[in-house]
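Colleague: Could you take a close look at one part of this model for me, and then follow the picture from there into the sheet and the aromatic pairs?

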Amino acid sequence: MKPVEIAKDIYSVGVTDWNIRDFHGYSTHKGTTYNAFLILDKKIALIDTVKKEFSDQLLTHIAQVVDPKKIDLVISNHTEMDHSGGLPRIMHRIGEDKPIYCSKLGSKNLTRHFRQKWNYHAVENGETLNLGSKTLTFLETRMVHWPDSMFTYLLEDKILFSSDGFGQHYAGSEKFDDQIGDEIMLHAKKYFANILLLYASNILRLVENVNRLNLDIDMICPDHGVFWRKDPWKIIHAYAKWSEQKPKRKAVIVYDTMWHSTEKMAESIAAGLIEKGIQTKLMHLRKWHRSDIMTDVLDAGAIIVGSPTLNNGLFPTVSDFLTYMQGLRPKNKIAAAFGSYGWSGEAVKQVQQSLQAMEFDVIEPAIRVQYVPGDKSLGQCFELGEKIAGKIKKNRTP
Ligand code: FEO
């Protein structure tokens with residue numbers, strides 16, 4: 001796609017990765033973009049680059065706006081290589097001595113990635129840079145998404161270049177939120193649930209800082225997906241809400257099954273929840289990607305996990321999901337374990353221990369059924385669903 005002038009003398013020059021479907025374990029059903037921005041002023045600045053394999057495309061886009069050699073400086077908001085992989089190619093083209101503005105940790109991390117003695121200018125939080133008629137302010141945003149992350153705020157145009165923050169893995173012909181509608185919030189939610197949830201407390205502090213700084217924001221330009229211009233505060237408020245992790249009247253049942261026994265149990269638990277008016281989702285681990293499940297877990301009041309016992313342990317997909325969820329550290333959940341087994345039956349206990357390790361409010365006893373559940377066992381599952389429903393209603397924030 002061609003560069004787009006998103007405000008006067010400010011161009012989006014990044015690239016679209018239409019066909020990526022797996023972003024280190026996150027399912028990108030809609031592809032993604034690696035956004036980069038060119039600011040034309042007395043000094044010309046490039047904000048961020050792209051994945052290494054798209055470097056030539058980035059240079060082509062830049063060249064459609066200005067001779068790349070005229071770029072005076074590069075701003076690296078984030079070291080992860082989907083935004084820095086193009087740096088060696090860019091620096092080679094624009095001049096290896098041109099300054100790279102980044103956070104202190106950015107200069108360390110870029111050095112660790114590229115082993116180049118580039119002209120780093122490590123900025124302080126709140127430091128400003130005048131380009132001529134435009135003023136940039138650098139805001140430290142550690143752990144959104146890496147220790148080196150920072151935002152860059154453009155005062156005169158009221159644009160916040162937010163790196164990974166407020167991003168979405170979405171590839172399309174649209175450039176702005178208002179060209180898509182509410183669907184984009186679902187992509188933003190998935191992105192938050194799978195990439196930033198672990199850093200929810202940092203995000204809450206970040207949102208407080210943004211509020212305290214009283215920044216005038218007309219547009220937020222993340223490094224992935226579309227730009228927020230219709231109502232930029234909508235995504236900031238959504239981040240605050242998601243970070244708080246207040247549970248909704250919603251339950252997610254995640255399971256795998258070998259001969260449908262654990263599945264029958266899952267369905268009975270779901271029936272108990274639904275009977276009591278809880279929004280319920282039943283997610284088979286070989287039908288749903290772990291990252292889509294996490295999107296639903298984000299605001300659920302309960303997570304109920306079922307596993308058959310395979311070879312004296314957890315079914316592999318359940319193990320995978322529990323490891324993934326534990327890493328993201330969701331909070332404020334009621335939880336329960338269930339599953340069927342043949343003779344040894346260790347899996348349910350292991351699920352339960354894993355849920356306890358995540359500091360969820362785990363309901364005991366877990367339900368374990370040998371071979372195939374009969375009416376009595378399915379009745380217990382139904383009752384478990386009802387019991388969880390009661391607890392969700394009690395815990396739910398009005
Ligand atoms: Fe889009 Fe943390 O990189």
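Modeller: Tryptophan 343 lies in the loop that runs between β22 (334-341) and α11 (347-357), and in this predicted model the residue is exposed, because its relative accessible area is 72%, where over 50% is the cut-off for that class. On the surface, Trp343 belongs to a nonpolar patch together with Tyr371 and Val372, and the accessible area of these residues together is about 430 Å².

Turning to the sheet, five strands make up an open sheet with mixed pairing, in the order β12-β13-β14-β15-β16. The edges are taken by β12 (128-130) and β16 (219-222), and each of these has a single partner strand, so one side of each is left without a neighbour in the sheet. On average, neighbouring strands of this sheet are turned by 20° against each other, direction ignored. Within the sheet, strand β13 (residues 135-140) runs antiparallel to strand β14 (residues 150-154), and the two are joined by five bridges; phenylalanine 138 has threonine 152 of β14 as its bridge partner.

As for the aromatic rings, the count comes to 12 aromatic pairs. In one of them, the ring centres of tyrosine 34 and phenylalanine 54 are 5.6 Å apart and the planes stand at 50°, so this pair is tilted, since the angle falls neither under 30 degrees, as for stacked rings, nor over 60, as for edge-to-face ones. The pair links distant parts of the chain, 20 residues apart, with tyrosine 34 in strand β6 (residues 32-34) and phenylalanine 54 in the loop between β8 (45-47) and α1 (55-63). Tyrosine 34 is buried, with a relative accessible area of 0%, and phenylalanine 54, at 13% relative accessibility, counts as buried because the value is under the cut-off of 20%.

Another tilted pair is formed by phenylalanine 151 and phenylalanine 166, whose ring centres are 6.1 Å apart and whose planes are at 55°. This pair, too, links distant parts of the chain, 15 residues apart: phenylalanine 151 sits in strand β14, whereas phenylalanine 166 is found in the loop between β15 (159-163) and α5 (183-196). Both phenylalanine 151 and phenylalanine 166 are buried, and ring pairs link them with Phe192, Tyr239 and Trp242 into a cluster. Strand β14 thus brings the two topics together, as it holds phenylalanine 151 of the ring pair and also pairs with β13 in the sheet.

Technical notes: Residues numbered from 1 in each chain as written. Predicted model: local features only at pLDDT ≥ 70, side-chain atom pairs only at ≥ 80, totals over all residues. Heavy atoms only, no water. Patch = residues over 30% accessible without salt bridge, like charges linked within 9 Å, V, L, I, M, F, W, Y side chains within 5 Å. Areas by Shrake-Rupley, 256 points an atom, 1.4 Å probe, with all protein chains shown as cover. Salt bridge = Lys/Arg side-chain N within 4 Å of Asp/Glu carboxyl O. Helix = DSSP H or I, 4+ residues; strand = E, 2+ residues; numbered from the N terminus. Buried < 20%, exposed > 50% of the residue type's maximum accessible area, 1.4 Å probe, protein only. Pairing = 2+ DSSP bridges. Axes fitted to C-alpha atoms, helices over the stretch in contact; angles between N-to-C directions. Phe/Tyr/Trp six-rings, centres within 6.5 Å; stacked < 30°, edge-to-face > 60°.
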